[in-house]
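Good morning, colleagues. I should like to take a few minutes to go through one structure, moving from the whole chain to selected details. Please have the sequence and the coordinates open as I speak.

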Amino acid sequence: MRLFAELRYVFPFRLRVSKDLNQFLDFRLPYDYDDYLKSHLSQYANMNQKRLKAQYEGFEQGPIRPPSEAYSLLIRVTRNCPWNRCTFCPVYKGSKFSIRPVAHVKQDIDAVYSFIEKFRELEDAFGHINRFELRDAFRHIQPGQIQAFQAALHWYAAGMRSIFLQDANSLIMKPSELLEILRHLKSRFPQADRITSYARSHTVARISDEHLRSMAEAGLNRIHIGLESGSDEVLRRAKKGVDKHTHIKAGVKVKSAGIELSEYVMPGLGGRELSETHALETADALNQINPDFIRLRTLAIPSSVPLFEEYRSGRFEKLTDLMIAQEILLFIENLNGIDSMVVSDHILNLFQEIEGRLPGEKEHMLKPLREFLKMDPQRRCLYQIGRRIGIFTQLSDMENPRRLAKVEKTSRQLGITSDNVDDAVDELMRRFV
Ligand code: SF4
């Protein structure tokens with residue numbers, strides 16, 4: 001029975017979830033809901049009416065979460081993205097935005113809670129559950145409960161420490177509604193020490209400091225923002241719907257409220273024309289915010305996003321891996337006066353080893369970039385391919401003769417050389433989006 005297939009991997013061990021899963025589902029989802037509301041007031045009124053009358057249709061989960069929330073319980077408070085215009089983003093295109101009624105979100109929370117309570121009843125003195133007992137206990141689970149059961153099981157196995165609110169921007173809800181949800185979560189799961197959410201700078205900048213502090217007091221302790229760029233021109237071309245000033249204002253507000261801040265940066269988003277501006281302006285914005293985390297997620301252009309047409313027509317010139325390395329080097333070199341943690345935890349990134357706390361570990365983070373830029377083209381090509389097919393995660397993996405031989409063989413078989421490697425990389429990256 002499929003439902004129980006994963007139990008083999010979870011019990012009796014407490015945590016057997018592959019760390020690599022972290023890299024496949026990410027996202028930073030901001031939006032301009034305030035503007036959206038203004039220009040769609042009548043639709044919003046209708047939407048709100050429909051929302052209040054809507055029937056509960058069972059436990060829901062959205063399609064994505066940040067890589068760092070791989071072990072979190074995902075609680076969906078809104079559906080999709082109300083902005084949905086970013087030219088590089090494929091996630092919610094064609095899907096309608098809505099805010100879920102608080103009562104429905106609470107029903108989801110209660111469904112997970114009741115499964116967790118049952119798991120606890122089955123625990124032995126060491127906190128383990130025998131998988132056969134578990135299977136017997138849940139033999140007659142209803143089809144409508146399967147999603148909640150799986151979410152509860154995954155979270156239970158991961159230790160039940162963190163919760164992530166989906167989808168694109170939970171802070172778009174009325175603060176009173178979000179507070180009600182946060183308090184309900186805390187009352188059901190007091191052991192969870194982290195509750196996080198995506199948010200859009202434009203929205204955060206308009207929330208009062210008092211409301212943000214109340215959210216922090218109610219348990220919201222980390223916000224993920226898709227900064228993408230600090231350059232107004234790059235943001236405008238990407239239709240991000242926010243400018244550098246608003247990004248800085250929102251970031252500072254989040255930190256002042258006592259909430260941890262994770263800012264996502266998108267290397268390559270400025271294309272060749274704006275690469276340098278993108279690197280320098282983004283570093284400057286972050287120097288003014290000093291977020292807790294700076295996370296890199298390199299641009300990929302699947303055929304489903306609006307940017308693809310610009311790319312195909314030649315209006316947007318995508319950076320090669322070599323250019324991306326130069327851009328990231330310039331970006332990190334210009335991060336000054338802050339103590340953020342830089343993380344490169346996405347599968348689309350060429351270098352996973354770019355990780356460290358500023359300012360002390362800056363040189364350590366620049367080292368692989370400089371090394372890559374100095375490599376001869378053939379060896380650099382092998383690293384690019386090895387990374388994109390999942391054999392290398394960092395430059396030092398090239399020292400492993402078996403791995404290197406595998407990559408050489410694959411490159412030969414596919415006919416990839418330093419002359420055509422960029423096209424091959426484009427194709428491979430699209431598969432990850
Ligand atoms: S990146 Fe843009 S379009 Fe995609 S979810 Fe975020 S705000 Fe919406």
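The protein chain holds 19 helices and 10 strands, and I stress that the model is a predicted one. Of its 433 residues, 43% count as buried. If we take contacts between residues at least 6 apart in sequence, 80% of them join residues at least 24 apart.

Let me turn to a pair of helices. H13, residues 275-289, and H15, residues 321-333, have axes that come within 8 Å and cross at roughly 30 degrees. Because angles under 35 degrees count as roughly parallel, H13 and H15 are described as roughly parallel to each other. The crossing of H13 past H15 is right-handed. On the H13 side, the contact is made by Ser275, Glu276, His278, Ala279, Leu280, Thr282 and Ala283, and H15 contributes Met323, Glu327, Leu330 and Phe331. Sorted by class, this contact comprises six nonpolar, three polar and two charged residues.

Next, a single position. Threonine 246 sits in helix H12, which covers residues 244-256. Is threonine 246 exposed, partly exposed or buried? It has 19 C-beta neighbours inside 10 Å, so it counts as partly exposed; the buried class begins at 20. Beyond its neighbours within four places in sequence, threonine 246 is in contact with Ser201, His202 and Ala205. Its C-alpha atom is separated by 6.4 Å from that of serine 201, 45 residues apart along the chain.

Finally, helix H18 runs over residues 401-414. Its 14 residues, at 1.5 Å a residue, should span 20 Å, and the end C-alpha atoms are indeed 20 Å apart. Just after H18, glycine 415 adopts a positive phi of about 70 degrees.

Technical notes:
Residues numbered from 1 in each chain as written. Predicted model: local features only at pLDDT ≥ 70, side-chain atom pairs only at ≥ 80, totals over all residues. Helix = DSSP H or I, 4+ residues; strand = E, 2+ residues; numbered from the N terminus. Buried ≥ 20, exposed ≤ 12 C-beta atoms within 10 Å, placed from the backbone. Contact = placed C-beta atoms within 7 Å. Expected span 1.5 Å × (residues − 1). Axes fitted to C-alpha atoms, helices over the stretch in contact; angles between N-to-C directions. Parallel < 35°, antiparallel > 145°, perpendicular 65-115°, else oblique. Left-handed = near helix turned anticlockwise from the far one by under 90°. Nonpolar A, V, L, I, M, F, W, Y, C, P; charged D, E, K, R; others polar.
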